[in-house]
Amino acid sequence: MASNPELALMTKLLKIEGIKVKNYSLVKGLGIFLYIESQAKILACPHCGNKTDKLHQNREYTVRDLPFGEESVYLKVNRRRMKCPQCQHLFSEEFEWVKKKRTYTERLKTKIISEVLESDIKNVAKRNGVSEQEIETMLKELGEKLCQEKPQNVRKLGIDEIVLVKGQKNYCAVLVDLEKRILVEILQKRTEAEVSQHLESWGEEVLWQITEVSIDLWKPYKKVVEKLMPTAEIVADRFHVMKQVNDELDEARRKAKREATKLKTKFPREKVLSGITNSKYVINEK
Ligand SMILES: [Zn+2]
């Protein structure tokens, strides 16, 4: 069994709110497995609101998380089934950081989508060990979430594309707020009708605040912009959008590096790694 200071460090590095690492193992050729548990003992019943700690069943499963160095990281999660003593309903524990029935964490999803913006689904899927189908689900999920909120105070808008399958003319359109550097929409298609319809749904109060639109020279976008945002300046720079996204990622990488350096001085890597390799807890994964 791993020592407490090691587990405390693992919990700190994992950085998932309300989650504690209770054990770990390094499986050669596979990666690091972290056995985690939720700190919440009492859960609220989604049917009647009653708070209960009455366990019905433990349900362990594995989800994939962000890699650590060159190792893949898998989390062994217990999503508890509870039984509400008040209304007798069964319900499953919910986590903000991994959705039900998903085999990847929300933050892995974010990382993968950022990579897809620079590359294409096939390569990103290969690099991250997930399927192309899973990435399409991620894009769809994020697209649906973004769709529910109307963007606010967009002044510089970027319209770009994600190649779904390289070599095939299969694209998603992405709309980016270039000032705030955030994704505002992911559309399932990049057709003039699709882009036009989504922009129109933002309403004039949003569209008329946009002073600049960065697009590539693919004509239908230009026509849409001219129709819906007649006063906005069109910047025909197809690399502009991706440059913003890349800058943002670079900054995030620099920040992570700075933090890693800080941590390294506090916990030398050799020591941390030797702790992992020396772990006696080995499991058989099939
Ligand atoms: Zn209940």
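Which residue in β7 does glutamate 60 stand opposite? The residue is asparagine 78. This report describes a predicted model, starting with the whole chain and ending with the metal site.

## The chain as a whole

The protein chain has 286 residues, and 43% of them count as buried. Its secondary structure comes to nine helices and 14 strands.

Among contacts in the protein chain with a separation of 6 or more, 51% are between residues 24 or more positions apart.

## A sheet of four strands

Strands of a sheet pair through backbone hydrogen bonds, and the pairing is either parallel or antiparallel. One sheet in this model is open, has four strands in the order β1-β2-β7-β6, and shows mixed pairing. Strands β1 (19-27) and β6 (60-68) each have a single partner strand, so they stand at the edges and one side of each lacks a neighbour in the sheet. From one strand to the next, the twist averages 25°.

Helix α1, which covers residues 4-14, packs on this sheet and touches β1, β2, β6 and β7. The direction of α1 makes about 100° with that of β1.

## How the strands pair

The mixed pairing can be followed strand by strand. Strand β2 (residues 31-38) pairs with strand β7 (residues 71-78) in the parallel sense, over four bridges. Within this part of the sheet, phenylalanine 33 has tyrosine 74 in β7 as its bridge partner.

Strands β6 and β7 run antiparallel and are joined by seven bridges. Glutamate 60 and asparagine 78, the pair named at the start, stand opposite each other. The hairpin of β6 and β7 has two residues between the strands, and glycine 69 in this hairpin takes a positive phi near 60°.

## Valine 77

Valine 77 lies in strand β7. Is this residue buried or exposed? Valine 77 has a relative accessible area of 1%, so it counts as buried, the cut-off being under 20%.

Valine 77 and glutamate 60 are 17 residues apart along the chain, yet their C-alpha atoms are separated by 5.5 Å. Apart from neighbours within four places in sequence, valine 77 is in contact with Ile36, Arg59, Glu60, Tyr61, Val63, Phe95 and Trp97.

## Two packed helices

Helix α3 (residues 121-128) packs against helix α4 (residues 132-148) at an angle of about 110°, and their axes are 9 Å apart. Angles of 65 to 115 degrees count as roughly perpendicular, and α3 and α4 are therefore described in that way.

On the α3 side, the contact is made by Ile121, Lys122, Val124 and Ala125. On the α4 side, Glu132, Ile135, Glu136 and Leu139 take part.

## The zinc site

Which residues are the protein donors of the zinc ion? They are Cys45, Cys48, Cys84 and Cys87, each through its SG atom, at 2.3 to 2.4 Å from the ion. Along the chain, the donors follow the spacing C-x2-C-x35-C-x2-C. The angles subtended by the four donor atoms around the zinc ion are 102 to 118°, and the arrangement is tetrahedral because four donors count as such if all angles lie between 85 and 135 degrees.

Two of these donors can be compared by accessibility. Cysteine 45 counts as buried because its relative accessibility is 3%. Cysteine 48 has a relative accessibility of 34%, so it counts as partly exposed.

Methods:
Residues are numbered from 1 along each chain as its sequence is written. This is a predicted model: local features need pLDDT of at least 70, side-chain atom pairs count only at pLDDT 80 or more; totals for chains, interfaces and linings use all residues. Side-chain values use heavy atoms; hydrogens and water are left out. Donors are N, O and S atoms within 2.8 Å of the metal (3.2 Å for Na, K and Ca); water is not among the atoms, so sites may look incomplete. Four donors count as tetrahedral if all angles lie between 85 and 135 degrees; four count as square planar and six as octahedral if opposite donors are over 155 degrees apart and all others between 65 and 115; anything else is irregular. Buried means under 20% relative accessible area, exposed over 50%, partly exposed in between (1.4 Å probe, protein chains only). Two strands pair if DSSP finds at least two bridges between them. Axes are lines fitted to C-alpha atoms, for helices over the stretch in contact, and angles run from 0 to 180 degrees between N-to-C directions. Contact means heavy atoms within 4.5 Å. Angles under 35 degrees count as roughly parallel, over 145 as roughly antiparallel, 65 to 115 as roughly perpendicular and the rest as oblique.
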